[in-house]
Amino acid sequence: VASVQIYAGPLRKLVAALGEDPGRWDARGLRSFLLSYGNRHGRSGPRNAATAIRVFLRYLAVQGLCAPGLDGAIPRVARWRLDFLPRYLPAADTERVLDACDLSTATGLRNRAMLLLLARMALRAGDVSGLRLGDIDWRGGTLKVCGKGRRESRLPLTQEVGDALTAYLEVRPLARFDYVFLRSTPTVGPFSRSGAV
């Protein structure tokens, strides 16, 4: 159902822009529509629209409702390997978020430690929520992280992050769980893998 909605949107707009008679559509009009659509719909919008229109035109051609070969007028939208790198929070904003943590409470100390792991060590939310007490090597000053593909890495534990972890662990609620970070409400327990922030 979600895929149908993703692809139906641009097709509805295509029909509204070029008219309800596909027999009158031409390559210039199709390309012009796709360009104007792409300018208003972000990064994935043009790619989804191009796919939907290409398939729709093939269907119409098989049904004899439009000229054959019009699907060739729809350009392939380039997808670069790094075009979906996550956006980042500017340094000044990151500092404001860190400063907003109330260090007089266990929750504030926990949140600051979690945020520092995300911001300073570039850990993913799942890495932070899945961090266990045994993953911290205090003597060696490293942190064990099991990244994508279950590949284990040892990362250097910076002084700032180590201090924040220590401050939180001193007030961390007692629990039978060995996860570093625990929810404080409604019951003490670990976060879900995606619920660290």
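Is Ala27 buried, partly exposed or exposed? Ala27 is partly exposed, at a relative accessible area of 25%; buried means under 20%, exposed over 50% and partly exposed in between (1.4 Å probe, protein chains only).

The model is predicted: local features need pLDDT of at least 70, side-chain atom pairs count only at pLDDT 80 or more, and totals for chains, interfaces and linings use all residues. Residues are numbered from 1 along each chain as its sequence is written, and side-chain values use heavy atoms, with hydrogens and water left out.

**Figure 1. Overview of the protein.** Seven helices and five strands make up the secondary structure; helices (H or I, at least four residues) and strands (E, at least two) are DSSP runs, numbered from the N terminus. Along the sequence the pattern is α-α-α-α-α-α-β-β-β-α-β-β. Of the 197 residues, 33% are buried.

**Figure 2. Surroundings of Ala27 in helix 2 (residues 27-40).** Neighbours within four places in sequence aside, Ala27 is in contact (heavy atoms within 4.5 Å) with Leu70 and Ala73. Gly72 is 45 residues from Ala27 in sequence, and their C-alpha atoms are 8.4 Å apart.

**Figure 3. Arg54 in helix 3 (residues 44-62).** Arg54 is buried and has no salt bridge, that is, no side-chain nitrogen of Lys or Arg within 4 Å of a carboxyl oxygen of Asp or Glu. The nearest side chain of opposite charge belongs to Asp71, 6.1 Å away; Lys and Arg count as positive, Asp and Glu as negative, and His and the chain ends are not counted. Beyond four places in sequence, the contacts of Arg54 are Asp71, Ile74, Pro75 and Arg76.

**Figure 4. Helix 5 (residues 106-121) and its packing.** The 16 residues of helix 5 should span 22 Å at 1.5 Å a residue, and the end C-alpha atoms are 22 Å apart, which agrees; the expected span is 1.5 Å times one less than the number of residues. Buried residues of helix 5 include Leu109, Arg110, Met114 and Leu117. The buried residues pack against elements including helix 4 (91-99), helix 7 (159-171) and strand 2 (142-146). Ala122 follows helix 5 and has a positive phi, near 60 degrees.

**Figure 5. The open sheet of three strands.** The strand order is 1-2-3, with antiparallel pairing; two strands pair if DSSP finds at least two bridges between them. Strand 1 (136-137) and strand 3 are at the edges with a single partner strand each, so one side of each has no neighbour in the sheet. Strand 2 and strand 3 are joined by five bridges. Cys146 has Glu152, in strand 3, as its bridge partner.
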